[in-house]
Amino acid sequence: MEKYFKLKEHGTSVSTEISAGITTFLAMSYIIFVNPAILALSGMPSQAVFLATIFAAAVSTLVMGLFANVPYALAPGMGLNAFFTYTVVFSLGFTWQQALSMVFICGVFNVLITVTKVRKSLIKAIPESLQHAISAGIGVFIGYIGIKNGNLLTFTVDGHNLLSVNGGSPTAESFPGGIQSVVSNSGALPELVNFTSPTSLLTLIGLAITIILMIRGVKSAILVGIVLTTLIGIPMGVVDLSSINWADNSVVNAFAALSETFLVIFKPEGLPSLFADMSKLPIVLITVFAFSLSDVFDTIGTFIGTGRRTGIFTAEDIAALETSSGFDSKMDRALFGDSIGTLIGALFGTSNTTTFVESAAGIGEGGRTGLTSVTTAMMFILAIFFAPIISIVPSSATAPALIIVGILMVSSFKDIDWTDFAEAVPAFFSSVFMGLAYSISYGIAAGFVTYCLVKVVQGKAKDIHPILWVSVALFILNFFAMAMI
């Protein structure tokens, strides 16, 4: 194990890596339950998606750990699954089988741009100041996820500010099946909760516990914090032990249902159906492009943000991108491991599988090698049989871990020269939009656009890497395409 993962070289140990892997799993385990709930709205069998989510996460994370030897975990991405359901199926009218086929095509495209070095050339083109801003921005983003998931915020929306409900008119008199999604304009106002809710109080307790453990230098502080907070949640009524049902045969039913989604893209209702009507080809290509752009930039942002900050990807690793061939560098292997994740997910039957920013929780726990990822992958497999127990871990217990990791990551702000307004502008927009727009890729887009604008105004357009110009054009094209569909 030492020889394969090079634990001593990375300054870690087996116990630290295992603890980090469990922490990462707990921080992202919600996807096991949330992803089936979202994709089931598109008509997909939820039990099949439950297993597809687990297998896609486990297999792709295992590949990342064994092939790239980095502590990142993959799973079907939030946001991408919502785009799959609400935009591709509900708004555009594609079947879920056709939507899965587009996810598969996106996976093929991601592999192609990875093996042809397009993705790593993009990483090299990002200026160092923006890399620091992306790192800090991910800290803002993941901290905000923790604050939101911990029920520390409430949002007030007046009726006239609603834009759509369930993807349709907000003035509809009835909503068959209940309200699944609500879109509002900027009239939605966030504010602190009044802290009468047990879940909010538990988050504060968990946050206090984890901060104390971190300050005291307790080993595996983040994981211990999650466990202790979960236990405290029992007498508070947040954790319901009576909900555990070991007699449930849903696992057996899930395996039976998996045949409905596994390799369905190669059946007549999949890829053949997608291209049966060539008049829809333009919208298919636009949709695949939208899938891919978000997937690619989310991953790049996560790698740069967490990898550079913690030394997982050193300056030498990033420099090696220019001279390496094949999969010689660690970053090469990590990018390839991520790129096949979407392919794996589409084969099993789920939306885009991508590197999770919650991997930062395990990295914050000390995870530095692929053993962390292998541990997370094994936890996903065990989740098939222990889902009832895993489901009782409340978001109030994992939210403090994300907030703590956010605190650790925003330290990258110190590497930005805020006294230089030209450098501060793109750094600000990149980091702030990443958190408030709830999207790594949108934060990167804001940073790229404002960086290019600043350089042009300064008369330094020649300093902008051509790949950045192409990226900005693609982002603008994507925004136009999203407006059209």
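This briefing walks through the overall build of one protein chain and then visits some of its residues. The model is a predicted one. The chain has 485 residues, and its radius of gyration of 22 Å agrees with the value near 23 Å for a compact globule. Its secondary structure consists of 21 helices and 6 strands.

**The chain as a whole**

- Along its principal axes, the C-alpha trace spans about 65 × 60 × 50 Å.
- How much of the chain is buried? Of the 485 residues, 52% count as buried.
- Among contacts with a separation of 6 or more, 80% come from residues that are 24 or more positions apart.
- The protein chain exposes about 19900 Å² of surface, and carbon and sulfur atoms supply 67% of that area.
- Turning to charge, the chain carries 21 positive and 27 negative charges, and the mean positions of these two groups are 9 Å apart.

**Helix H5, an enclosed helix**

- Helix H5 covers residues 80–91, and 9 of its 12 residues are buried, so the helix is largely enclosed by the rest of the structure.
- Which residues of H5 are buried? They are Leu 80, Asn 81, Phe 83, Phe 84, Thr 85, Tyr 86, Thr 87, Val 88 and Val 89.
- Just after H5 comes Gly 93, which takes a positive phi of about 85°.

**Gln 180, a partner of Tyr 86**

- Gln 180 sits in the loop between strand E3 (162–165) and strand E4 (182–184).
- Is Gln 180 buried or exposed? With a relative accessible area of 41%, Gln 180 is partly exposed, because this value falls between the 20% limit for buried and the 50% limit for exposed.
- Leaving out residues up to four places away in sequence, Gln 180 touches Leu 41, Tyr 86 and Asn 166. Tyr 86 is one of the buried residues of H5.
- Gln 180 and Leu 41 are 139 residues apart along the chain, yet their C-alpha atoms are separated by 8.8 Å.

**Thr 203, inside helix H9**

- Thr 203 belongs to helix H9, which runs over residues 198–215.
- Its relative accessible area is 0%, so Thr 203 is buried.
- What does Thr 203 touch? Apart from residues up to four places away in sequence, Thr 203 touches Gly 150, Leu 152, Ser 396, Ala 399 and Pro 400.
- With Gly 150 there is also a polar pairing: a polar atom of the Thr 203 side chain lies 2.8 Å from the backbone oxygen of Gly 150.

**Ser 220, between H9 and H10**

- Ser 220 is placed in the loop that links H9 to helix H10 (221–236).
- Not counting residues up to four places away in sequence, Ser 220 touches Ser 19 and Glu 365.
- The side chains of Ser 220 and Ser 19 are joined by a polar contact of 2.9 Å.
- For a view across the chain, take Ser 220 and Phe 141: they are 79 residues apart in sequence, and 23 Å separates their C-alpha atoms.

**The loop between H19 and H20**

- Ser 439 is located in the loop between helix H19 (421–436) and helix H20 (440–457), and Tyr 438 lies in the loop between H19 and H20 as well.
- Ser 439 has a relative accessibility of 11% and therefore counts as buried.
- Tyr 438, at 37% relative accessibility, counts as partly exposed.
- Setting aside neighbours within four places in sequence, Ser 439 is in contact with Phe 141, Asp 298, Phe 433 and Met 434.
- Ser 439 and Ser 294 are 145 residues apart along the chain, and their C-alpha atoms are separated by 8.6 Å.

**Backbone angles to look at**

- Most residues other than glycine have a negative phi.
- Tyr 438 is not a glycine, although its phi is positive, at about 55°.
- Asn 69 also has a positive phi, near 60°, and is a residue other than glycine.
- Where is Asn 69 found? Asn 69 is in the loop between helix H4 (46–68) and strand E1 (74–76).
- At 11% relative accessibility, Asn 69 counts as buried.

How values were computed. Residues numbered from 1 in each chain as written. Predicted model: local features only at pLDDT ≥ 70, side-chain atom pairs only at ≥ 80, totals over all residues. Heavy atoms only, no water. Helix = DSSP H or I, 4+ residues; strand = E, 2+ residues; numbered from the N terminus. Buried < 20%, exposed > 50% of the residue type's maximum accessible area, 1.4 Å probe, protein only. Polar contact = N/O pair within 3.5 Å; in protein donor to acceptor, adjacent residues only side chain to side chain. Contact = heavy atoms within 4.5 Å. Rg over C-alpha atoms; globule rule 2.2 N^0.38 Å. Areas by Shrake-Rupley, 256 points an atom, 1.4 Å probe, with all protein chains shown as cover. Lys, Arg positive; Asp, Glu negative; His and termini not counted. Charge placed at Lys NZ, Arg CZ, Asp CG, Glu CD.
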